[in-house]
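Okay, hi everyone, thanks for making time. I'd like to walk you through one structure, so have a look at the screen.

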Amino acid sequence: MMVELLARQAHIPVVRAENRMPIEPSTIYVVPPNHDIDIVNNHIELTIAEEAVRPKPSIDELFISLAKNCKEKCVGII
């Protein structure tokens, strides 16, 4: 549902993130519920979120992953 809502207003593609999906420029990726997302070799890696009480997906894990793998070639918007 979030993909469809965002796609109505966005001027760039909005897609549901899937495991091993390559990262494309100027694209919005929506993480499935109860998953964490990492970026490895310009591909999405989804994992089931831990049972710990914390936001799911974890924005900290995503930003750490982006910093390690993409450096200055990415932008994250909260």
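I'll talk about the core, then one serine, then the pocket. Keep in mind that this is a predicted model.

Let's begin with the core. In soluble globular proteins, nonpolar side chains tend to be buried together. Here, the largest nonpolar core is made of nine residues: A17, M21, I37, I39, I44, L46, L62, L66 and C70. Where do they come from? Strand 3, which is 35–40, strand 4, which is 43–48, and helix 2 each supply at least two residues of this core. Take L62 as one of the core members: if we skip its neighbours within four places in sequence, L62 is in contact with I37 and I39.

Now, the serine. S65 sits in helix 2, which covers residues 59–69. Is S65 buried or exposed? Its relative accessible area is 5%, and buried means under 20%, so S65 is buried. And what does S65 touch, once we leave out residues up to four places away in sequence? The answer is D38, I39 and C70. You've just met I39 and C70, as both belong to that largest core.

Last, the pocket. The largest one holds about 1,000 Å³ of space. It's lined by 28 residues, and those closest to its centre are T27, Y29, L62, V75 and G76. So which elements give two or more residues to that lining? They are strand 2 (28–30), strand 3 and helix 2. Helix 2 gives the most, with five residues. By class, the lining has 20 nonpolar, six polar and two charged residues.

That's my tour, thanks for listening!

How values were computed: Residues numbered from 1 in each chain as written. Predicted model: local features only at pLDDT ≥ 70, side-chain atom pairs only at ≥ 80, totals over all residues. Heavy atoms only, no water. Helix = DSSP H or I, 4+ residues; strand = E, 2+ residues; numbered from the N terminus. Buried < 20%, exposed > 50% of the residue type's maximum accessible area, 1.4 Å probe, protein only. Contact = heavy atoms within 4.5 Å. Core = buried A, V, L, I, M, F, W, Y, C linked by side-chain atoms within 4.5 Å. 1 Å grid on protein atoms, 1.4 Å probe; cavity = no way out; pocket = protein on both sides within 12 Å on 5 of 7 lines; lining within 4 Å. Points joined across faces, edges and corners; volume = space filled by probe spheres on them. Nonpolar A, V, L, I, M, F, W, Y, C, P; charged D, E, K, R; others polar.
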